[in-house]
Amino acid sequence: MVQKLYAGAVCGLACKTVTAEVDVSDGLPCMEMVGYLSSEVKEAKERVRVALKNTEYKLPAKRITVNLAPADLRKDGNSYDLSVALGILIATGEILKDKEEKKREQILRKLEDTLILGELGLSGEVKPVMGVLPLVAYAREQGMTDCIVPSGNVKEAALIDDMNIWGVASLKEACMIMEEEWEHKSDAGYRNDTKLQYVPSFPYDFKQIKGQPMARRAAEIAAAGFHNLLLSGPPGAGKTLIAKCLPSILPPMTMEESLEVSKIYSVAGYLPPDRPLIRERIVQSPHHTTTRQALVGGGHYPRPGIISLAHRSILFLDELPEFGRTNLDVLRQPMEDKKVQIARNNGNIEYPADFMLVAAMNPCPCGYYPDYNRCKCTKREIEKYQGRVSGPMLDRFDLIVRVEGVTVKELTQEKEAESSEKIRKRVMAARKIQEERLKKYRQEKKDSEKAGKRITARFNSELSPDEIKAFCHMDRQAQDFLNRIFEERELSARGYYRILRVARTIADLKGDEAVKTEHIAEAMCFHEEVR
């Protein structure tokens, strides 16, 4: 008789059920594992064998065959050990053998609705594994009711409602759960602890920034519409501090967003065991020596890259030209598609990458151009340095602002600058206007001829040309002003729509329904040329 237990595999953020099939038969004593296995899964054979021995369970002198199905899905990671070990113990009669036939059948039927995850140590302890959160969510979608997971992953698994979570620290404990017929209480009580009211705290506040009215205003507009922001200026002007202050004025994550981001961190192995739910928007700030693969993700066994870890948050690229043109250009498509697709021989893997890009750069190698009293760079050196960032990449920044050096008067002023709390209230009000407008627009389109076209925009930065036409109502004077700017500056179509998106956000911050000339004029102030 073949014993079946169920584990799971993560492919990107998508999951698939993996069936651990165990057969015990007469023949030369051995243990074989098949099913398109990676090296770490093949090594599970020795981990399971030694763990069973050290847990005082005996393997019979028979041929044991373990198949991880489906055979066409490559099995990576270390999460299959526990399901394989329990399957062997049931198939060999080491556990459940003394149960009445009726009770044994009940337990086996319950195992059909149970996901089992965990890595085994040689002494039989069950170690935490990656990807538990998306796997448990997938198990619930498939109709499963119970999950046996390592005790170190219990809080993470308990984030998923309507699932009984059984945390185990050892193989003995996992066997005890089944032997006692699941009668004792599961660890679902952790769920209430992990979803307590979140109280945000930010290490950086806009009141710490001295001067820089233009940069502060640009940051507020960027936060209100989730626009990409580029800060250009001399060293020490406060560009990095402004980027670090941005999370303090962004709206808090919804529970849906938190779970989505937490799944990415779970798959990447970066989810803190004591804080399994990511509630704050994080600034991901990679070093300029970071490789393209580290930025977008991938590898022999694909993992999420930095831009996916910045999903629903901020990707901050300090010293933008130092990243190199080829590294920066790989971000262009993810910025448009809001996702990363990684192609492999055995299929494509997709990771979300919906982030706000904030970048800082010096205008020249020394950083002081166009101040010719301090800048000693030649024209060729300046052009070469600025040329490291391609035109199409610059065109994806909705807001480009020059950050001037701070004066002594600004540094020594006693009056405290406006705090993040006050700015955040205006940002939240603008976001509320956007949400209500989009909600009304979706309702209007629901029964129209365009009902089949799904509206995915959530912020002004994501508005399509049709949505811009519907939302950016202008009077004749504003339209003529924008047309004149388009011709004088020879803007591209992307530049035209970019100005309208920013102008729409400025109007929302002021509570204006229509886009006026003054909004377009202010949007043009943040359409500076870096070169």
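What follows is a short chat about a predicted model of one protein chain.

Reader: What helices and strands does the protein chain have, and how many?
Author: This is a predicted model. The protein chain has 23 helices and 18 strands.

Reader: And how far does the C-alpha trace span?
Author: Along its principal axes, the C-alpha trace spans about 85 × 55 × 50 Å.

Reader: What share of the residues is buried?
Author: Of the 531 residues in the protein chain, 51% are buried.

Reader: What about contacts along the sequence, how many join residues at least 24 apart?
Author: Take contacts between residues at least 6 apart in sequence. Of those, 74% join residues at least 24 apart.

Reader: Let's go to the start of the chain. How do β1 and β2 run?
Author: They run antiparallel. β1 covers residues 3–11 and β2 covers residues 14–25. The two strands are joined by 9 bridges.

Reader: Which residue of β2 stands opposite glycine 8?
Author: Threonine 17.

Reader: What's in the turn of that hairpin?
Author: There are 2 residues between β1 and β2. Glycine 12 is in the turn, with a positive phi of about 70 degrees.

Reader: Which strand is β2 also joined to, by 7 bridges?
Author: Strand β4, residues 63–69. β2 and β4 run antiparallel. In β4, leucine 68 is the bridge partner of alanine 20.

Reader: What else does leucine 68 touch?
Author: Leave out residues up to four places away in sequence. Leucine 68 then touches a list that includes Val18, Ala20, Met33, Leu37, Tyr80 and Val84. Leu68 is also in the largest nonpolar core, which has 67 residues. There, Leu68 and Leu82 touch the most other members.

Reader: What other core lies apart from that one?
Author: A core of 55 residues. Ala215, Ala224, Leu231 and Leu438 are among them.

Reader: Back to Leu82. Which helix is that residue in?
Author: Leu82 is one of the buried residues in α3.

Reader: How many residues of α3 are buried?
Author: Helix α3 is residues 81–91, and 10 of its 11 residues are buried. Among them are Asp81, Ser83, Leu86 and Ile90.

Reader: What's special about the phi of glycine 93?
Author: Its phi is positive, near 80 degrees. Glycine 93 follows α3.

Reader: New topic. How many cavities of 30 Å³ or more are there?
Author: A search of the whole structure finds 2. The largest has a volume of about 70 Å³.

Reader: Which residues are closest to the centre of the largest cavity?
Author: Phe202, Pro252, Glu280, Arg281 and Arg424. They belong to a lining of 12 residues. By class, that lining has 8 nonpolar, no polar and 4 charged residues.

Reader: And how much space lies in the second largest cavity?
Author: About 40 Å³. Its lining includes Gly8 and Thr17, the two that stand opposite each other in the β1 and β2 pairing. Tyr138 and Gln142 also line the second largest cavity.

Reader: Which element gives the most to the lining of the second largest cavity?
Author: α5, with 3 residues. β1, β2 and α5 (132–141) each supply at least two. By class, the lining has 6 nonpolar, 3 polar and 1 charged residues.

Reader: What about pockets, what volume has the second largest?
Author: About 750 Å³. It is lined by 32 residues, and the closest to its centre are Val10, Cys11, Arg74, Asp76 and Ile349. β1 and β16 (347–352) each supply at least two residues of the lining. The lining divides into 15 nonpolar, 11 polar and 6 charged.

Reader: One more area. Where is asparagine 153, and is it buried or exposed?
Author: Asparagine 153 sits in the loop between β8 (146–150) and α6 (154–157). Asparagine 153 counts as buried because its relative accessible area is 4%, and the cut-off for buried is under 20%. Beyond its neighbours within four places in sequence, asparagine 153 is in contact with Pro128, Val129 and Val132.

Reader: And asparagine 483, which helix is that in?
Author: Helix α21, residues 476–489. At 32% relative accessibility, asparagine 483 counts as partly exposed.

Reader: What separation is there between the C-alpha atoms of asparagine 483 and leucine 52?
Author: They are separated by 76 Å. Along the chain, the two residues are 431 residues apart.

Key:
Residues numbered from 1 in each chain as written. Predicted model: local features only at pLDDT ≥ 70, side-chain atom pairs only at ≥ 80, totals over all residues. Heavy atoms only, no water. Core = buried A, V, L, I, M, F, W, Y, C linked by side-chain atoms within 4.5 Å. Buried < 20%, exposed > 50% of the residue type's maximum accessible area, 1.4 Å probe, protein only. Contact = heavy atoms within 4.5 Å. Pairing = 2+ DSSP bridges. Helix = DSSP H or I, 4+ residues; strand = E, 2+ residues; numbered from the N terminus. 1 Å grid on protein atoms, 1.4 Å probe; cavity = no way out; pocket = protein on both sides within 12 Å on 5 of 7 lines; lining within 4 Å. Points joined across faces, edges and corners; volume = space filled by probe spheres on them. Nonpolar A, V, L, I, M, F, W, Y, C, P; charged D, E, K, R; others polar.
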